[in-house]
Structures are given as structure tokens and as C-alpha cells.
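Please open the model in your viewer and keep the selection tool at hand. The tour proceeds by short stops, each beginning with a selection.

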Amino acid sequence: MRKIILVTAGLFVSASSQAQILDVIKSTVKDKTGIDLNTPIKTKSTTSTTTTTSSPKTSPINLNSLTSTEVSSGLKQALNLGVTEGVKKLGVTDGFYKNDLVKILMPEKLRAIDTKLRMVGLGSLADQGVKLLNRAAEDAVTESAPIFANAITSMTITDAKNILLGTDNAATNYLQTKTQSQLFTAFQPKVKASLGKVGADTVWKSLISKYNMLTGQAVTTDLNEYVTTETINGVFKMVAEKESGIRNNSVMRTTSILQKVFGAQDSK
């Protein structure tokens, strides 16, 4: 029993001495290095986080960053492209006649002539009459580019941004509304000359004369006015098609001003 007590006391003393020695070591380390061994050391997590680098997004152009001059220039450039390309496509043989978008048909009030002539075997005369109306338009439209270009250049767009944010052919509609009467006045003499040049006026006099003789009527019409109006409308249809393309297809924006202006409307 005595032996057990002595062993236990020895162990206690030994443990106490070790504790004292450990305290001295800790105190020395703290004095020399400033590291407190009594404070648990925080270990960094070994879990790594992967940062995903996303490609920078292109901020949409702010409409407010565009000046009215820039918007006006962009719209006018789109219209000029439409006119230039439209006139080029229309001013060739069959440019009107074989283009369903702009083909000039027989005037509505004279369509009874077409039916009557075909009934009596004169369908070829009716066909020739329609073809020559389109030939006159194809001939006259080649001289129209400067007239359209001048109308576009002199156009004042006070509500340019509203037009930019409008429908696919808002600029074309605006131009047509503002310039139709001036274009008609300037264009009519050219159409009249073309009607005579391709022989349309002679054929139509014969065609109407035969119809009046067959029916006992006295039908007349102003072909010059009709073809002038239809020719101008045909060019505007081509311009509207081009404007819509530029608005909806960035590939068709072939200049920096078109890219800037119509790029802005993409975010509307």
C-alpha cells in the first residue's frame, strides 16, 4: 500500500513538473516570437474555389447617347441605300414586270377591258398593254435616283428617334408622306416621255378604242398619272424592304453610322 502511494505521488510530481516546463516553453516562445501557443491555430480550408471568368457582355448602345444628327444621318443613309439599290433592280428589263412586289397591273377601272378583250381573243393585246406599262416604269425609274436623293437630303426629321424606334419601314413611310407630291410633280414628265418611248401610249389608245367599240362605252384614263404613281410606289416598296433588312439584320449595316444607329434600336 505504501509503495502504491509513493508511485502515485511520484507520477503526480512528474506531471506537475512537465506542466511547469511546458508553461516556461510557451512563455519563452511568446516573448521571442509573439506567438501564443495557447491560442488555437486556424488552418486554411483546402477547398479551392474556381472563379469562372465570363466573357464581357457588350452593353447595348444607349439611345440617349445618340444625337439627333446621328439618328438623322443613319436614317437618311438607310433610305439612300434603299433608293440606290431599288432603282438599280427596277431600272432593267423586267425589273417591274417580273417582280411581284412592284409589278404594275392594269388600272382597276380598266380591268373590264382585260376581261372583254380576252373574251374576244384579244388577250395578247391586253398582255402587251400591261407589259408596256411596266416597260415605261423601268425606263423612267432610271432617271429618278437624283429626285429621290434630293428628297432624302432635304428631309428634316424633327422626331428622328421616334422614327428610329418605329415600325420596320417607319422612315420610308415618313419620307413617302413628306415627299410624295413633290416627287410626283418632278417624276411625271419622265414617265410621260417613257410611255411614248416604249410605245405604251399608242398601244393603249388602240386597246381602249377597241374596247369602246366592242362595248359602246367611252372609257378614258390618265395613264401618265397612273404609271407615275405606281412607279414611285414601287421604288418606295423597295426602299421599305431595304430599311426592314437593315433594322433586322446586322449584316446589312455596312457602315459605322448604320451600325451605331440601328444597333441602338436593337435594344428598344
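The stops below pass through a surface patch, an enclosed helix and a polar contact in this predicted model.

**First stop: a surface patch**

Select Met-119, Val-120 and Leu-214, and display their surface. Together these residues make a nonpolar patch of about 290 Å². Now keep Met-119 alone in the selection; this residue belongs to helix 3, which spans residues 111-119. Is Met-119 buried or exposed? Its relative accessible area is 63%, and Met-119 is therefore exposed, the cut-off for that term being over 50%.

**Second stop: an enclosed helix**

Select residues 256-265, which form helix 10. Seven of its 10 residues are buried, so the rest of the structure largely encloses this helix. To see which ones, colour Ile-257, Leu-258, Val-261, Phe-262, Gly-263, Ala-264 and Gln-265. What covers the buried residues of helix 10? Add helix 2 (68-90), helix 6 (160-164) and helix 9 (223-248) to the view, as the cover includes these three elements.

**Third stop: a polar contact**

Select Asp-139, located in helix 4 (residues 123-141). Asp-139 counts as buried because its relative accessibility is 18%, and the limit for burial is under 20%. Next, show the side chain of Lys-197: a polar contact of 3.0 Å joins it to the side chain of Asp-139. Finally, add Ser-194 to the selection. Leaving aside residues up to four places away in sequence, Asp-139 touches Ser-194 and Lys-197.

Key:
Residues are numbered from 1 along each chain as its sequence is written. This is a predicted model: local features need pLDDT of at least 70, side-chain atom pairs count only at pLDDT 80 or more; totals for chains, interfaces and linings use all residues. Side-chain values use heavy atoms; hydrogens and water are left out. Patches are made of residues with over 30% relative accessible area and no salt bridge: like charges are joined within 9 Å, nonpolar side chains (Val, Leu, Ile, Met, Phe, Trp, Tyr) within 5 Å. Accessible areas come from the Shrake-Rupley method with a 1.4 Å probe; for residues, only the protein chains shown count as cover. A salt bridge is a side-chain nitrogen of Lys or Arg within 4 Å of a carboxyl oxygen of Asp or Glu. Helices (H or I, at least four residues) and strands (E, at least two) are DSSP runs, numbered from the N terminus. Buried means under 20% relative accessible area, exposed over 50%, partly exposed in between (1.4 Å probe, protein chains only). Contact means heavy atoms within 4.5 Å. A polar contact is a pair of N or O atoms within 3.5 Å; within protein, one must be able to donate a hydrogen and the other to accept it, and residues adjacent in sequence count only if both atoms are side-chain atoms.
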